[in-house]
Amino acid sequence: MEPLGRIYSAGIADFANLRQMKCIYADKTDLVYRLANECRYAFLSRPRRFGKSLLCSTLKYYFQGRKDLFAGCAIESLEKEWAEYPVLHFDLSACKNKETIEQITSELHDQMNRCERQTGLKAEGDTPGQRLKNLTESLYNAGKQVVLIFDEYDAPLLDYLHSDDELERVRRIMQEFYQPVKICDQYLRFCFITGITKFSHLSIFSTLNNLRNISMEQAYSSICGITARELDTTFAPDVQLMAERNGCSVEEMRAKLKLKYDGYRFCIGGEDIYNPFSLTSALRSGNLENYWFSSGTPTFLFRQMQRFGTDILSLDRLEASAEDFDVPTESMQTILPLLYQSGYLTIKEAADGIYTLDYPNAEVRVGFMKNFLQQVMHITVGTGSTVIKVYHRLSAHDIDGAMGLLRSFFAGIPYLDRGEGALDADGRLYEQHFEQLMYVIFSLFNDRVRTQVKSACGRSDIVMRMPDATYVMEIKLDGSAAEALRQIGGKGYAVPYEADGRVVKIGVNFSSKTRTIENWQVEGGW
């Protein structure tokens with residue numbers, strides 16, 4: 001049962017349904033009004049499950065003049081005329097998971113058929129693009145400029161990122177479909193496009209010179225998602241009830257929600273944004289779960305990580321320029337642009353043109369690590385119970401017990417499940433492979449884990465903050481634990497953390513023969 005009789009909008013993408021069901025709504029209609037009257041052509045990139053479809057639906061009903069749906073919203077006092085325009089609204093997510101190119105084309109024709117039924121006009125033409133052009137022109141000739149909305153425009157393309165040939169075939173189909181956006185300029189009142197990524201080699205981007213990309217504009221940074229202010233006002237009763245259910249104070253619950261679901265930032269100076277799907281799902285259920293990843297596995301992302309040979313250690317608080325991560329998808333030379341655009345990394349800091357990117361929050365970090373183990377490193381053994389036991393051992397100050405569990409875990413990984421990038425040209429295991437595994441496992445229960453942490457004399461392999469200590473680890477392969485421990489001390493890896501309290505140094509040695517932890521040494525334990 002929804003608390004306090006309040007109905008949450010998690011998963012609801014139609015604005016009319018949301019309003020008719022009297023769902024709780026973080027009012028974005030002032031930004032909708034600004035967007036609709038400030039831009040003619042706009043593109044917005046946001047991660048999946050972030051409210052893009054709801055925004056598209058809101059714009060659709062606004063341009064249809066549905067004043068009744070906006071009663072009590074901010075836009076009610078802004079809009080005076082409520083002019084009505086014909087709206088052609090396309091949801092390209094319906095083109096996902098199609099097995100053939102022909103099925104994608106068929107889906108585009110089906111959406112044009114729906115537009116025919118809604119407008120009462122015939123969409124003549126042999127191709128989806130021809131039909132869109134002719135229908136737009138017919139609507140204009142009937143007396144009104146037309147509004148075009150393309151939601152998840154890149155959905156058909158993402159399924160084929162792993163295959164250059166197939167991607168090119170899909171790109172040509174979608175380019176033909178989007179071409180009328182340029183051709184029909186005089187017939188259009190407004191055009192809005194959403195997606196996760198940015199494919200520049202489509203007519204929608206390459207020939208439309210006046211398309212405004214609002215994705216990193218501060219004015220629109222909160223147009224999707226939920227801000228801290230909205231959490232403290234619109235959702236205040238729900239946070240209070242969730243706190244009561246979980247036996248904690250409102251302040252403690254707010255801190256837990258922030259750690260779990262906040263942390264997205266889409267521009268310099270922009271507000272921190274909560275994932276709306278995850279936050280409202282948590283408020284509805286009363287449980288702090290990982291809702292974003294459970295709603296779908298980003299297969300395309302992990303395929304690309306394998307394609308680029310991505311080192312997960314390099315993604316921890318990564319420094320980059322905007323040109324490194326805000327680039328066209330088909331031009332990317334690393335996984336970074338896709339990780340940023342799809343929401344797995346976000347802006348944390350920015351200074352002098354250099355951005356620091358990191359995982360937005362605990363939900364994304366944990367979900368990403370679990371999927372990385374399964375899909376990139378091909379580890380199919382269950383890790384949940386091991387991770388929990390390791391955490392409990394460390395919490396009880398039983399470091400030897402935790403390391404013993406990890407040794408058993410690594411020994412239990414089948415040979416073929418160690419990942420394509422685990423071996424060098426001579427078939428030997430990389431030290432980095434074990435460092436990646438240790439980092440991923442610790443990240444599953446602790447979001448305060450860092451890797452390759454810089455200090456005055458080098459980089460420590462892993463630094464992990466626990467409530468009562470900081471763990472500094474150095475990893476060797478076919479060396480010795482004593483050597484690893486000496487390196488921590490000799491290069492001062494632990495010095496930056498000594499003022500914060502107890503520092504535990506752990507030297508770990510892996511064996512390429514047994515393919516697991518051979519021994520370890522601890523300094524500074526209990």
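# Chatting through a predicted model

Q: Let's start with threonine 227: which residues is it in contact with, leaving aside its neighbours within four places in sequence?
A: Threonine 227 is in contact with Ser222, Glu271, Asp272, Ile273 and Tyr274. Contact here means heavy atoms within 4.5 Å. One thing to keep in mind is that this is a predicted model, where local features need pLDDT of at least 70, side-chain atom pairs count only at pLDDT 80 or more, and totals for chains, interfaces and linings use all residues. Residues are numbered from 1 along each chain as its sequence is written, and side-chain values use heavy atoms, with hydrogens and water left out.

Q: Thanks! Where does threonine 227 lie?
A: Threonine 227 lies in strand 6, residues 226-227. Strands (E, at least two residues) and helices (H or I, at least four) are DSSP runs, numbered from the N terminus.

Q: And is threonine 227 buried or exposed?
A: Threonine 227 counts as buried, at 1% relative accessibility. Buried means under 20% relative accessible area, exposed means over 50%, and partly exposed is in between, with a 1.4 Å probe and protein chains only.

Q: Zooming out, how many helices and strands does the chain have?
A: The chain comes to 22 helices and 15 strands. Buried residues make up 54% of its 526 residues.

Q: What about the overall dimensions?
A: Along the principal axes, the C-alpha atoms fill a box of roughly 80 × 55 × 45 Å. The chain has a radius of gyration of 26 Å, which agrees with the value near 24 Å for a compact globule of 526 residues. That radius is taken over C-alpha atoms, and the globule rule is 2.2 Å times the number of residues to the power 0.38.

Q: Among contacts between residues at least 6 apart in sequence, how many join residues at least 24 apart?
A: That share is 69%.

Q: New topic: how many salt bridges does a search of the whole structure find?
A: The search finds 29 salt bridges. A salt bridge is a side-chain nitrogen of Lys or Arg within 4 Å of a carboxyl oxygen of Asp or Glu.

Q: Can you walk me through one?
A: Sure, take glutamate 230 and lysine 28, whose closest N and O atoms are 3.0 Å apart. Glutamate 230 is in helix 10 (residues 228-233) and lysine 28 is in the loop between helix 1 (15-20) and helix 2 (29-38), so the salt bridge ties together parts that are 202 residues apart in sequence. Both glutamate 230 and lysine 28 are buried.

Q: Got another, maybe inside one helix?
A: Glutamate 166 and arginine 169 meet in a salt bridge at 3.6 Å, N to O. They are three residues apart in helix 7 (residues 164-178), which separates them by about one helical turn. An α-helix has 3.6 residues a turn, so residues three or four places apart point the same way. Glutamate 166 is partly exposed at 26% relative accessibility, and arginine 169 is partly exposed at 33%.

Q: Which residues are linked in a network of salt bridges?
A: The network links Asp316, Arg317, Glu349, Asp358, Arg365 and Arg450. Within it, arginine 365 and aspartate 316 pair up with their closest N and O atoms 3.9 Å apart. Arginine 365 sits in helix 18 (residues 362-375) and aspartate 316 in the loop between helix 15 (299-308) and strand 8 (318-320), so this pair ties together parts 49 residues apart in sequence. Arginine 365 and aspartate 316 are both buried.

Q: Okay, greasy stuff now. Which residues touch the most other members in the largest nonpolar core?
A: Phe150, Phe368, Met438 and Phe442 do, out of 145 residues in that core. A nonpolar core is a set of buried Ala, Val, Leu, Ile, Met, Phe, Trp, Tyr and Cys residues joined through side-chain atoms within 4.5 Å. Not counting residues up to four places away in sequence, phenylalanine 150 touches several residues, including Phe90, Leu92, Phe177 and Ile193. A second, separate core of 20 residues includes Ala26, Leu231, Tyr274 and Leu283.

Q: Last one: which residues of helix 22 are buried?
A: In helix 22 (residues 481-490), the buried residues are Ala481, Ala484, Leu485, Gln487 and Ile488. They cover an arc of only 155° around the axis, which puts them on the same side of helix 22. The arc is that of the directions from the helix axis to the C-beta atoms. Exposed Arg486 and Gly490 are on the face turned away from the buried side.
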